[in-house]
Structure formats: C-alpha cells, structure tokens
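Here is a briefing for a reader new to this structure. Look at the fold first, then read the points below.

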Amino acid sequence: LSHLQLSGNRIGNEGARAIASALEANSCLTSLVLEGNSISDRGVEAFAASLAKNSKLQCLGLGSNKIGHTGAIAISQAL
C-alpha cells in the first residue's frame with residue numbers, strides 16, 4: 001500500500017492523532033489524503049510531530065479541514 005485516500009470520513013482530531021502515531025512506523029505509504037475530515041490545529045500538530053520521524057511520506061493532503069495559523073506553522077516547520 002503506497003497511497004491511502006480517506007477524504008470525507010469525519011476522522012477529526014482523535015483519528016488524526018491515531019493515524020499520525022501509525023505514520024511514525026510507516027515504511028511504505030508515500031501518499032495520504034485526509035481532505036474534509038474536520039481536522040483542526042491539534043490534529044495537524046500530531047502530523048507535524050510524526051513527520052519528523054517519517055521520511056517515506058511524500059504527499060499529505062489536508063485540504064478542506066479546519067486548520068488555522070497554528071496548525072499551518074506546525075506543519076510547515078516539520079517539512
């Protein structure tokens with residue numbers, strides 16, 4: 001599995017944190033699309049932390065979520 005598309009599944013911040021935790025051990029997923037899942041800054045901050053430990057993921061789609069200034073800064077600093 002190299003691409004996972006989970007858009008529009010109401011994942012929210014709790015689901016985002018669980019997925020972010022799993023990404024830390026990821027060895028094959030290169031693309032993850034989570035558009036329209038009501039993920040806010042808290043969920044994005046979890047992804048930012050996991051990206052520091054994950055060199056495999058190349059594409060993370062987070063459009064149409066509730067990401068504000070704080071989340072945008074966290075994710076940009078992780079890249």
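The points below go from the sheet to the core, then to single residues.

The model is predicted. Three strands make an open sheet. The largest nonpolar core has 18 residues. A search of the whole structure finds zero disulfides.

**The sheet**

- The strand order is S1-S2-S3, and the pairing is parallel.
- Strand S1 (3–5) and strand S3 (59–61) are the edge strands. Each of them pairs on one side only.
- From one strand to the next, the twist averages 0°.
- S1 and strand S2 (residues 31–33) are joined by three bridges in the parallel sense.
- His 3 has its bridge partner in S2, and that partner is Ser 31.

**The nonpolar core**

- Which residues have the most contacts inside the largest nonpolar core? They are Leu 32, Leu 34 and Phe 47.
- Helix H1 (12–23), helix H2 (41–51) and helix H3 (69–78) are the elements that give two or more residues to this core.
- H2 supplies the largest share, with five residues.
- In soluble globular proteins, nonpolar side chains tend to be buried together.
- Phe 47 shows how the core is put together. Setting aside residues up to four places away in sequence, Phe 47 touches Ala 16, Ile 19, Ala 20 and Leu 23, among others. Its further contacts include Leu 32, Leu 34, Leu 60, Leu 62 and Ile 75.

**Helix H2**

- Is H2 mostly covered or mostly exposed? H2 is mostly covered, with eight of its 11 residues buried.
- The buried residues in H2 are Asp 41, Gly 43, Val 44, Ala 46, Phe 47, Ala 48, Ser 50 and Leu 51.
- These buried residues pack against H1, S2, S3 and H3.

**Asn 13, a buried residue in H1**

- Asn 13 is found in helix H1.
- Why does Asn 13 count as buried? Its relative accessibility is 18%, and buried means under 20%.
- The side chains of Asn 13 and Ser 40 are joined by a polar contact of 2.8 Å.
- Beyond residues up to four places away in sequence, Asn 13 touches Ser 38, Ile 39, Ser 40, Arg 42 and Gly 43.

**Ala 78, where H3 meets H2**

- Ala 78 lies in helix H3.
- Ala 78 counts as partly exposed because its relative accessibility is 25%.
- Leaving aside neighbours within four places in sequence, Ala 78 is in contact with Ala 48 and Leu 51. Both of these partners are among the buried residues of H2.
- Ala 78 and Ala 49 are 29 residues apart in sequence. In space, they are 7.1 Å apart, C-alpha to C-alpha.

**The cysteines**

- How many disulfides does a search of the whole structure find? The search finds zero.
- Cys 28 is in no disulfide. The nearest cysteine sulfur to that of Cys 28 belongs to Cys 59, and it is 15 Å away. A disulfide needs the two sulfur atoms within 2.5 Å, so a pair 15 Å apart does not qualify.
- Cys 59 is likewise in no disulfide, and its nearest cysteine sulfur is that of Cys 28.
- Cys 28 counts as partly exposed, at 40% relative accessibility.
- Cys 59 is also partly exposed, with a relative accessible area of 37%.

Methods:
Residues numbered from 1 in each chain as written. Predicted model: local features only at pLDDT ≥ 70, side-chain atom pairs only at ≥ 80, totals over all residues. Heavy atoms only, no water. Buried < 20%, exposed > 50% of the residue type's maximum accessible area, 1.4 Å probe, protein only. Core = buried A, V, L, I, M, F, W, Y, C linked by side-chain atoms within 4.5 Å. Helix = DSSP H or I, 4+ residues; strand = E, 2+ residues; numbered from the N terminus. Contact = heavy atoms within 4.5 Å. Polar contact = N/O pair within 3.5 Å; in protein donor to acceptor, adjacent residues only side chain to side chain. Pairing = 2+ DSSP bridges. Axes fitted to C-alpha atoms, helices over the stretch in contact; angles between N-to-C directions.
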